[in-house]
Amino acid sequence: VLRQMRCPSRYFLGRGYDRDTLIRHEVGDWVGQEGPLQGRAVVPLWDEHHRRVVGLSARSPHPRCPDCRLFHHPFADCPDERSRRLPSLAKWYNEGLRGDALLYNYWFAAPHVRASRLAVVVEGPGDVWRLEEAGVFNAVALFGNELHDAQQVVLERSGALSVLGLPHADQAGELDESLYSMVD
């Protein structure tokens with residue numbers, strides 16, 4: 001899988017992420033065969049021990065179309081009704097991802113969580129990268145704003161005595177109440 005990517009991702013470099021951060025997380029642009037990953041910036045998702053890739057999360061490089069609200073090349077026509085359900089038109093496309101059972105970056109954050117007894121929980125991989133660039137290495141991401149049961153189990157096993165949730169400052173960034181129950 002990683003051989004089908006060019007690392008670091010030019011898309012995320014263009015968004016101001018540090019080259020070394022993207023290389024460390026093996027974030028690249030898909031150069032493999034045609035399909036829903038074609039032309040996307042790809043984030044590999046590892047098992048909790050960083051031994052094997054268990055999924056991919058891929059970001060469209062295109063802005064949201066103001067007409068159809070999908071993510072396609074700005075000069076392309078908006079898709080017809082039937083094509084609107086294609087995963088290639090979504091902002092994020094996930095392959096093999098069971099986001100409800102995985103915490104992004106747990107593979108790198110676990111020793112820092114154990115040492116500090118604190119897990120910083122954010123919404124997505126980009127949030128983890130920004131925190132690492134600022135010197136915070138105990139951050140994990142939910143793939144959204146909801147903490148699922150399997151993710152909670154991982155946090156409980158992590159050695160964290162405290163959990164700090166840092167949601168985005170938007171309506172979607174209201175963290176699910178399940179995260180707050182862990183702090184009780």
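**View 1. Cys 68 and its cysteine neighbours in the predicted model****.** Cys 68 is buried, with a relative accessible area of 7%, and Cys 65 is likewise classed as buried, at a relative accessible area of 9%. The sulfur of Cys 65 lies 3.5 Å from its closest cysteine sulfur, that of Cys 78, which is too far for a bond. Cys 68 takes part in no disulfide either, since the nearest cysteine sulfur, belonging to Cys 65, is 3.7 Å away. A disulfide is counted where two cysteine sulfur atoms are within 2.5 Å, and a search of the whole structure finds 0 of them.

**View 2. Helix H4 and the elements that cover its buried residues****.** Within helix H4, which spans residues 125-133, the buried residues are Pro 125, Gly 126, Val 128, Trp 129, Leu 131 and Glu 132. Their cover includes helices H1 (10-14) and H2 (19-24), together with strands E3 (41-46), E6 (118-122), E7 (139-141) and E8 (162-166). After H4 comes Gly 135, with a positive phi near 90 degrees.

**View 3. The largest pocket and its lining****.** The largest pocket holds about 550 Å³ of space, and of the 21 residues that line this pocket, Lys 91, Trp 92, Gly 124, Pro 125 and His 168 are the closest to its centre. Strand E4 (53-59), strand E5 (92-95) and H4 each supply at least two residues of the lining, with H4 giving the most, 5 residues. Sorted by class, the lining comprises 8 nonpolar, 6 polar and 7 charged residues.

Methods. Residues are numbered from 1 along each chain as its sequence is written. This is a predicted model: local features need pLDDT of at least 70, side-chain atom pairs count only at pLDDT 80 or more; totals for chains, interfaces and linings use all residues. Side-chain values use heavy atoms; hydrogens and water are left out. Buried means under 20% relative accessible area, exposed over 50%, partly exposed in between (1.4 Å probe, protein chains only). Helices (H or I, at least four residues) and strands (E, at least two) are DSSP runs, numbered from the N terminus. Contact means heavy atoms within 4.5 Å. On a 1 Å grid over the protein atoms alone, a cavity is a set of points where a 1.4 Å probe fits but cannot get out, and a pocket is an open set with protein on both sides within 12 Å along at least five of seven lines; lining residues have an atom within 4 Å of a point. Grid points are joined across faces, edges and corners, and a volume is the space filled by probe spheres set on the points. Ala, Val, Leu, Ile, Met, Phe, Trp, Tyr, Cys and Pro count as nonpolar, Asp, Glu, Lys and Arg as charged, and the others, Gly among them, as polar.
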